[in-house]
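Thank you all for coming; I would like to walk you slowly through one structure today, so please keep the picture in front of you while I talk.

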Amino acid sequence: MQKRLKTGCCLVLLYAVFTLISSAERVVPQVSGLRLEAMLSLPYGLIFGRLGAISAAFGSALALFLVGANLNQIPLEFLAALISAYLPFRVWQGMKSPQEPRLALYDQRTVTMFVILGLLAVAPMAVYPAVGAEIYQVVPFSASFFKILLPTLLFTLAGGFLLYRKASAYFFAGKGEALWRRLEDKKTTTRNMAVAMLRITLTGLFLAAGLALMVPPEFHSKVVEYTMGVFALLLLVMTGF
């Protein structure tokens with residue numbers, strides 16, 4: 001328990017630092033920073049499971065509290081960070097095989113799986129703040145979604161790939177393996193559930209993109225608010241935390 005607590009604190013602080021740096025450059029005023037912290041979602045989730053997801057959530061909340069973010073924004077970013085790390089972990093737990101219990105990036109097939117899981121991580125990081133901005137009448141969903149989505153996508157897939165490759169080698173087959181085995185999250189997911197979560201999340205992400213393109217960016221829309229609000233709630237329910 002002591003080792004888990006120490007590791008969790010380190011993960012919280014690291015995520016908070018990344019979020020603080022991101023907050024210095026606002027891509028959408030009052031809503032979202034540069035999303036540099038998105039590169040931690042997959043390493044946190046796929047390596048540490050629930051511990052990584054919870055650490056990401058509290059790291060995000062801590063950083064936003066320190067920079068004096070809007071109080072309505074903090075719980076949304078808390079959930080975005082939590083689900084962004086945990087949802088890919090749950091899907092991977094249902095998709096992995098006994099011959100390949102950990103995701104190691106060594107060929108086209110495993111890199112493709114990483115990209116797919118990366119899209120799952122991107123969805124809550126892009127949708128939650130944009131939906132919150134719509135609900136609280138800060139910025140219309142259409143005006144903020146792509147501005148949040150693009151840097152999130154870049155840092156999750158490019159930065160996350162480089163970071164995960166280094167971190168997975170260290171924890172799965174290097175000096176950190178003993179620690180990882182003590183902290184390993186063994187929560188299981190059925191394959192059918194993993195496929196369902198994958199399909200629903202990707203469908204919702206593409207639906208969000210479609211709505212953002214169709215609705216003029218200067219308008220708030222109840223259709224967008226309710227549709228994306230339901231999708232955001234569904235993402236939370238699917239994690240089964």
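**The core, a helix, and two kinds of space**

Let me start with the largest nonpolar core, which has 73 residues, and in which I47, L103, L117, F141, F145, Y164 and M228 are those with the most contacts inside it. By nonpolar core I mean a set of buried Ala, Val, Leu, Ile, Met, Phe, Trp, Tyr and Cys residues joined through side-chain atoms within 4.5 Å, and buried means under 20% relative accessible area, while exposed means over 50% and partly exposed lies in between, using a 1.4 Å probe and protein chains only. Helix α5, residues 108–135, gives the most to this core, with 14 residues; helices here are DSSP runs of H or I with at least four residues, and strands are runs of E with at least two, numbered from the N terminus.

I should say early that this is a predicted model, in which local features need pLDDT of at least 70 and side-chain atom pairs count only at pLDDT 80 or more, whereas totals for chains, interfaces and linings use all residues. Residues are numbered from 1 along each chain as its sequence is written, and side-chain values use heavy atoms, with hydrogens and water left out.

Staying with the core for a moment, F145 touches A126, V127, A130, L205, A208, A209 and A212, if we do not count residues up to four places away in sequence, where contact means heavy atoms within 4.5 Å.

Next comes helix α4, residues 73–95, whose 23 residues reach 33 Å from the first C-alpha to the last, close to the 33 Å expected at 1.5 Å a residue, the expected span being 1.5 Å times one less than the number of residues. Where does α4 bend? The bend, of about 25°, is at I83, and it is the angle between axes fitted to the seven residues ending there and the seven starting there. The helix α4 is also mostly covered, since 18 of its 23 residues are buried.

Now to the spaces. On a 1 Å grid over the protein atoms alone, a cavity is a set of points where a 1.4 Å probe fits but cannot get out, a pocket is an open set with protein on both sides within 12 Å along at least five of seven lines, and lining residues have an atom within 4 Å of a point. Grid points are joined across faces, edges and corners, and a volume is the space filled by probe spheres set on the points.

The largest pocket has a volume of about 170 Å³, and of the 17 residues that line it, L46, Q93, P101, R102 and W180 lie nearest its centre. Two or more lining residues come from each of α2 (41–48), α4, α6 (141–173) and α7 (177–183).

The largest cavity has a volume of about 50 Å³, and among the residues lining it are L34, R35 and E77. The elements giving two or more residues to this lining are α1, α3 (50–66) and α4, with α1 supplying the largest share, three residues.

Finally, look at the loop between α1 and α2, where we find Q30 and R35. Phi of Q30 is near 70°, a positive value in a residue other than glycine, and phi of R35 is likewise near 70°. Are these residues buried or exposed? Q30 is exposed, with a relative accessible area of 61%, whereas R35 is buried, at 2%.
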